[in-house]
Structures are given as structure tokens and as C-alpha cells.
Amino acid sequence: MNYGPLVFLAAFFALATSWCGFVLTSQLQIGRLQQTNTTSGATVTYPVARPGLARQGLEVYRANGCAYCHSQQVGQSGTVIEISLTDAGTNQAATITALLNLAQATNNEATVWTALPALELRASSSAATNLLSGLPKSFLRGSDPTAAKAAVKALNATSAKAQLLIVPIGPDLARGWGKRRTVAEDFLFDSPVMPGSQRVGPDLADVGTRLPNVQSHLVHLYAPRLVAEGSAMPSYRFLFEKRAIEHGPSPEALVLSGKDAPPPGYEVVPRLAAKALAAYLVSLHAEAPLFNAPMTVASAATSTPTNSPTSSGIAATNAAPATAPAK
Amino acid sequence: MSSPSQPSTADTGAATRCPVASADIDASCRLPLVIFFLSAAAWLLCASAFGLIASIKFHAPGFLADSAWLTYGRVRPASVNCMLYGFCIQSGLGVALWMLARLGRTTLAAPWLVIVGALCWNLGVAAGLFGILTGGSTGFENLEMPGYAASLVFLGYLMIVVWGVLTFHQRRERQLYVSQWFLFAALFWFPWIYSTANLLLLRLQARGMAQAVIAWWYSDNLLVVWFGLVGLAAIFYVVPKLTIRDLHSRYLALLTFWMLVLFGSWGGIPASAPVPAWMPAWSVVATMLGVVTVISVFLNMRRTLGGKCLLFMRDPSLKFIGFGLVSFVIGGFTSAIMAWPALNQVTQFTWFIIAKGLLNSYGFFAMVIFGAIYSIAPQVVGHPFPFPKLVRAHFWTAAAGILLFVLPLAIGGILQGLKLQHADIPFADITKGTLPFLRASTMGDLLMAFGHVLLLANVGGLVFQFYRARAVTAWREATAEIQMTEVRL
């Protein structure tokens, strides 16, 4: 290559192919995504644009570089099938026998079914009655769809109502960071998109489901180590205002304790930026069942997966118990 | 076909126009290069300062926490941007222009406009830094500078590069040396990726995950391809020249060039990214093919030196470049191995990514550029460095600093990744487990910062010496007694 134009053409060709591949095609393929229907049964479109305050919160999230420590991408290693009972039926003894028969098969052919903790209880005498309380409950886990269908059939024959659940699994999901893997649709209405590349702090893809309480987010932002001991998160005190109480305490004042509490006669209230950031965090959900991230929601009626915080109260009912944010 | 295989001996043969003497070329580059190198060294110190603040926050989360300007999420991108745009690209451009002029045996075209471009670039980086610290960051990694600063930076780059291309065009030596391919490709690579990223992310705002894909594509093209092109150009130029040997194979270098531009530009999409599966899959393949680039560079250099790798220890500049070469090889192999999805699953989202990034941008690129600066600056200014011992000291602090930064973070990152695979280990414990490694890496940060002080002292001292000598001469001339000579008509 002794000619400048030749070098230019070579480099131009190379960059043009990668440009067409990743820039142009991602525009065509991802940039044109539209809202889709969730697969939960009810016709719910997903995603729904975030409410105004949460959108402002996205700007606070961007300006303060939260994405340098928090990813918003939950991964999953695969899906399994779970057999769950929604209704014990009238002939409970037959149901229990059928369940135990299936579990017995577990012992013979270990690859088909794994008994979940709910079924492990059967050893103790009083367990038989407890076994069918607190439905819906998952009893068996496996990966063979034909065996699953046969099992559901066998259970339904005993007047119980069995359900076949598709459950995504993986270490991230086991931590309670989400219900399914993150997909491109989750970010459809966000700009800028900040999926993050580091997990200095926990993943936030589904934090709105995990921690739906705005007030606890505010306290955590103001005094991280008050909520999660030993947390490495910096405090964001500049998003709050410490002021003298004048005409009675503000309803928005944070409930603080220890050395983070303001001196008597003072209160700590969130500025707009803090409220917006908390609203954004609460609006983060990645739990809607989608065609390209299949999962079964335990019972479609109780869960209306959307991106808006209004639904978070209902959605949280079948979420993992809310623990400290460090989990 | 007579192809120059060694940069300094290419003065015979097909030269159609009379080549310019090296001293004249250096004189034409002097002021632009002085500006590039001095401001680059100053930005580097800036990057270290912000990097240290960010690092200390892991020792004491309350450190400077009440100030919005200095919160971790702003200080870290500030440090990265000072490093990338303030030091890496700027000093890389300086080295590139000088090599283009020297290899083309021609003076730098329009040095004054290059200076205007350099000032514009520096103004842009300063505006970008201000933007990031005041909360105007764009939110895209490695592209945080807000739109107004990006326009300035882009304009500055264009001004510099147009005259670089013109220098290339008006070369007196028609035969192209290997380095010239790499440099010429790099010159227009950056404006394309930078304008694409800024237009689609900030002005037109692509929808959804397409934004993240474009940001990843940009980062990869900057950190792998642009850095690779300029860094390898410097290696291919400086190593044969300082060891007075011929480059082993021009064709092997051609392979390096093609592999780098063809496959380097396809990497960057993380294996776990929530995008259509073909994108990360193709990225994995391209990253693994990067091994060919690394091996071809390694073989070429090994044969150039005839197996005598100790030649690298002979000259302080060569030490830097040798270190850069080793980092390039290790970094390339690590990237290729860690691209494998099962391994990527472990290292994703951990400090390992940061360690690998630093090995590329600092261990490879910055070290090569340090070597090039230490070899070029005295030639351009026509003075030796005022503190030659500090050059050696800089090498050892930088080498130790990189090791102290990369090794703990790589090990800590792998442990962090392994623990993240087990959901029964509480997340808070995992974060706590990385703290000792982070603290060790702060020592690396400190050492590197100390090295940057040495660099600035040397480059600043050199420039000061030169201009003081000039000023003294000028002052003497101005104040000298006028020699009264009788003029007879």
C-alpha cells in the first residue's frame, strides 16, 4: 500500500462495515421497537412512559453519574418449569397423593423433577395439612415440558387446579434483582440510556419492585450507612436541605436517627432533585412478561406489570420481601 | 517495488522532490508540538488529581461528599475524560503530526492553524470538564462531555487533522512507511466515530437500547482502534529507529493493519447486553480475532529485534515503548480470552473491566506515547531534557503504578465476579471484599500521579530552557551596543 487513497479506502471500507453493522442496523432493529403486549393474558402494553417526575429523576441519575456504580441489566441463565397449585380442590388427600407420587418419581428419575422446599415438608406428620395451605405455591421444578404437561394433567384429575409456570433462573434473579432478564424494551422511552457497566452497588433494573417506598430511598440517599451498614455509597446531601423548623415540621422531613439526625429545631427535607431521583428509582421495573423474555406470572389477575409507579403497590405483592437496599 | 522498511533510511530512490532536512521539519513542528505536549502533560496531572479523589472515596465515602461538584459520579468521568481527550488523543495527535512530517520528509503544513486547532481542542476539553463537574454529563461512558464542548473538540480536531492530511499529501518521500498507513487511517477515524456518536446520541437521540449500542461502538472504536492505530504507528516508527534495525516485515504489518481496522471496529458490545443476540455474538468473534493482530505485532517486533528483547532496556524511551508493547500483547490476549461468554459472565460488571481498560489506555497507549514524547521532544526543541534522571524515575513509577493498579483490580474483580455468581453470598459482603483491592489500587494511582509530575517537570523544564535561551539571546541582541561602523557610500 503505497498510495494514500488506497489506505483511505481500506480504512473507509472497514469503518463503513462496522458502522452499517452496529450503528445503522441497531437503528433499524432496536431504534424502531414499538410498545408490545405483555404475555400475562391481559392486554397490557409495555413499556409505559415514566411519569414526569421520574423523567426528571433520570436527569438527576445522569448528572450525578449513578450508572458508574449501578448496572441496570439483570441476566438470566435460563428458564425452568415449575408446577404450582392454585386451588387444592375438594379431594385434598388425592391431591397430596398425586403430588407425592410425582415427587416419588423424582427419586427414581432424578432428572425430571426436583422437589421445591414446599414439598420437602412432607416428612413431618402435621405437614400434610400445611402442604396445601397458602396457595398458590410451587411444588416441583423441572425442565421437561412433556413431563410437566403430564404432571399438570395428573394433578388436575384430582379436582385440584395445577398450573405450569415458566420461571427464569440465574444468580441475579436469585438475589431478587428482577423477575426475568433485562430486554431492550425496558429502555424504550429512556434517554439517555444508562445500562451501566459496574456493580459497585446492586443492580437497579427492578429496584422499584424490590423497594417501592419513596421515603426509604430518600433516607438512603441522604444517609446510606443508616440504611445499609458499611455501604460504600457516597451520601447525596446536596440533594437535601437542612433548615430550621418554622411553622411546624414539614410532612416531607426525613426520619433520621443517630449522628445523621439534624439538631433539635432543624429538619432535613428533600429538594426537587432528590424527590425526582427517588421517583425515578421507584419507577424502575423489569418484571413484565414479554414474548422474548417469557415467564408466567403466578396469577395474571393480581399483576399488572407496567413501568409506572402506580402499579408498584400491587406488583410488590408477589415480589421478594423488601430487604435493606444492599441486598 | 522498493519499500522503506526502516523509517530513517528511506531517503533514496523514488523521491521526486528534494526532501527537507530533519532540522527544518522539527523547527516547523516545534510550537504546535510544544503546545500539544505541555497541555497534554497538564491534563494528565488533572486526570490524576480527579482519579485520586474518586479513589479516596472508597476509603472514606464521606470524603468531599457534601459538594455536588465532587461527587463520585462526576469526578470519575472527569478523570477519564481528562485522560482520554486531554492527554491521550492530544499527545497522540502531536506524535502523529510529527511522524507524518518526518516520514514524508516535508515541513508541517500551516503550523499556525494547527496551533489554533490545538487551542480550540483544549478549550473544548476544559469546557467539557466544567460541564461534567456541573452535572452536564451526557451519561454515555467515554463520551461524557456535553454537546457544546463536543463541538469545540470536534472543530479543534478537524483543524488539526486537515493540516495533518495536507502534510501527508505534500510529502516529498512518495514511498509510504508502515506507520503512515496507521496514522492516515487514524486521522479520519476519529471524526467519523465522534460525529456519529454525538449526532445520534445528543442531537437526534436514537431510541432505547440503540443509544447504548452506539455508545459501546464509539468506545470500542476509540479505545481499541484509534489507540491501536496511533500506538502501533509509534511502535513501528520508534523501535526500528532507536535500535537502528529494519522492520522485519512490511507484510506482517499490513496484516496487523487490516485485522485491526476490520475486526477491532466490531468489538465492544458486552456479551450480556440486552440487545439482539447477534450483536454480542459478533462482538465476541471479532474480539477473539483480535488475537491475530496481537500475534502479528509481537512476531514482527520480535524478529525486528532479532530476539534481543533486552535492546528495549537500552534507551529510556524504548523502555516505555517496550512496556507498552508488553501491555498491548497481554491486554489483547486477555480481551480475547475474556470475550468467551462463560468467562465474560464472571468478569462482567466487576473491577476486572476497569483493570483491563487501564491496561489498554494507560499500560499500552499512554506508555507508548510517553516513550515517543521522551524521544521526540528533545529533537524538536533541540535541547536535551533538563532532568534526564527523572525520565528513568518516571518509567519506574509508571510501571510500578500500572502493576499496582491493574493486578489488584484484576484479581479483586475476578473474585467479585465469582462471588456474584452465588446468590447466597450477600451483596454487601461482596462489595466489602473488593475494598482491600481498591485500596491497593489507590497506591497505583498515587504512583502514576507522581510520574505525571515528573513528566510535567521535564517537558515544562525543557520548554522553559528553550524559550529562556531564546529570550536571553533576543534580549542581548536588543540591548547590545550598536556597533558603529562607518558606512562609506
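What percentage of the 327 residues of chain A count as buried? The figure is 45%. The model under inspection is predicted, and the tour below begins with chain A before moving to chain B.

**Chain A as a whole**

Select chain A and colour by secondary structure: 12 helices and eight strands should appear. Among contacts in chain A with a separation of 6 or more, 76% join residues 24 or more positions apart.

Next, colour chain A by pLDDT. The mean is 82, and 83% of the residues reach 70 or more. Among the elements of chain A, helix α12 (residues 312-315) has the lowest mean pLDDT, at 36, while α11(A) has the highest, at 96. Residues 300-327 of chain A should then be selected: pLDDT stays under 50 throughout this stretch, for which the model nevertheless has 74 contacts beyond four places in sequence. Where pLDDT is low, the predicted coordinates should not be read in detail.

**Helix α11 of chain A**

Move to residues 272-282 of chain A, which form helix α11. This helix is mostly covered, with 10 of its 11 residues buried. Among the buried residues are K275(A), L277(A), Y280(A), L281(A) and V282(A).

**The four-stranded sheet of chain A**

Now display the strands β4, β5, β3 and β6 of chain A, which form an open sheet in that order with antiparallel pairing. The edge strands are β4 (113-115) and β6, each of which pairs on one side only. On average, neighbouring strands of this sheet are turned by 35 degrees against each other, direction ignored.

The pairings can be followed across the sheet:

- Between β4(A) and β5(A) there are three bridges in the antiparallel sense; the bridge partner of T114(A) in β5(A) is R141(A).
- Five bridges connect β3(A) with β5 (residues 137-142) of chain A, again antiparallel; here I83(A) stands opposite L140(A).
- Strand β3 (residues 78-87) and strand β6 (residues 161-169) of chain A run antiparallel and share nine bridges, with I81(A) opposite I166(A) in β6(A).

**The side of chain B that touches chain A**

Show both chains and select the residues in contact between them: 64 from chain B and 60 from chain A. On chain B, the elements giving two or more residues to this side are α2 (72-104), α4 (147-169), α5 (178-203), α6 (209-243), α7 (250-263) and α13 (427-479). Coloured by class, this side of chain B shows 37 nonpolar, 20 polar and seven charged residues.

**Helices α6 and α8 of chain B**

Keep α6(B) in view and add helix α8 (residues 278-304) of chain B. How do the two axes lie? They come within 12 Å and cross at roughly 5 degrees; the two helices are therefore roughly parallel to each other. To see the contact, select V213(B), L232(B), V239(B) and P240(B) of α6(B) together with M279(B), V297(B), M301(B) and T304(B) of α8(B). These residues divide into seven nonpolar, one polar and no charged.

**I321 of chain B**

Finally, centre on I321(B), in helix α9 (residues 316-338) of chain B. Is this residue buried or exposed? I321(B) counts as buried because 28 C-beta neighbours lie inside 10 Å. Leaving aside neighbours within four places in sequence, I321(B) is in contact with I235(B), V238(B), V239(B), V368(B) and G371(B). One of these, V239(B), also belongs to the contact of α6(B) with α8(B). A last distance to display is the one from I321(B) to A366(B): 9.4 Å, C-alpha to C-alpha, across 45 residues in sequence.

Key
Residues are numbered from 1 along each chain as its sequence is written. Chains are lettered from A and ligands numbered from 1 in the order in which they are written. This is a predicted model: local features need pLDDT of at least 70, side-chain atom pairs count only at pLDDT 80 or more; totals for chains, interfaces and linings use all residues. Two residues are in contact if their C-beta atoms, placed from the backbone, lie within 7 Å. Ala, Val, Leu, Ile, Met, Phe, Trp, Tyr, Cys and Pro count as nonpolar, Asp, Glu, Lys and Arg as charged, and the others, Gly among them, as polar. A residue is buried if 20 or more other C-beta atoms lie within 10 Å of its own, exposed if 12 or fewer, and partly exposed in between; C-beta atoms are placed from the backbone. Two strands pair if DSSP finds at least two bridges between them. Axes are lines fitted to C-alpha atoms, for helices over the stretch in contact, and angles run from 0 to 180 degrees between N-to-C directions. Angles under 35 degrees count as roughly parallel, over 145 as roughly antiparallel, 65 to 115 as roughly perpendicular and the rest as oblique. pLDDT is the predictor's confidence in each residue, from 0 to 100.
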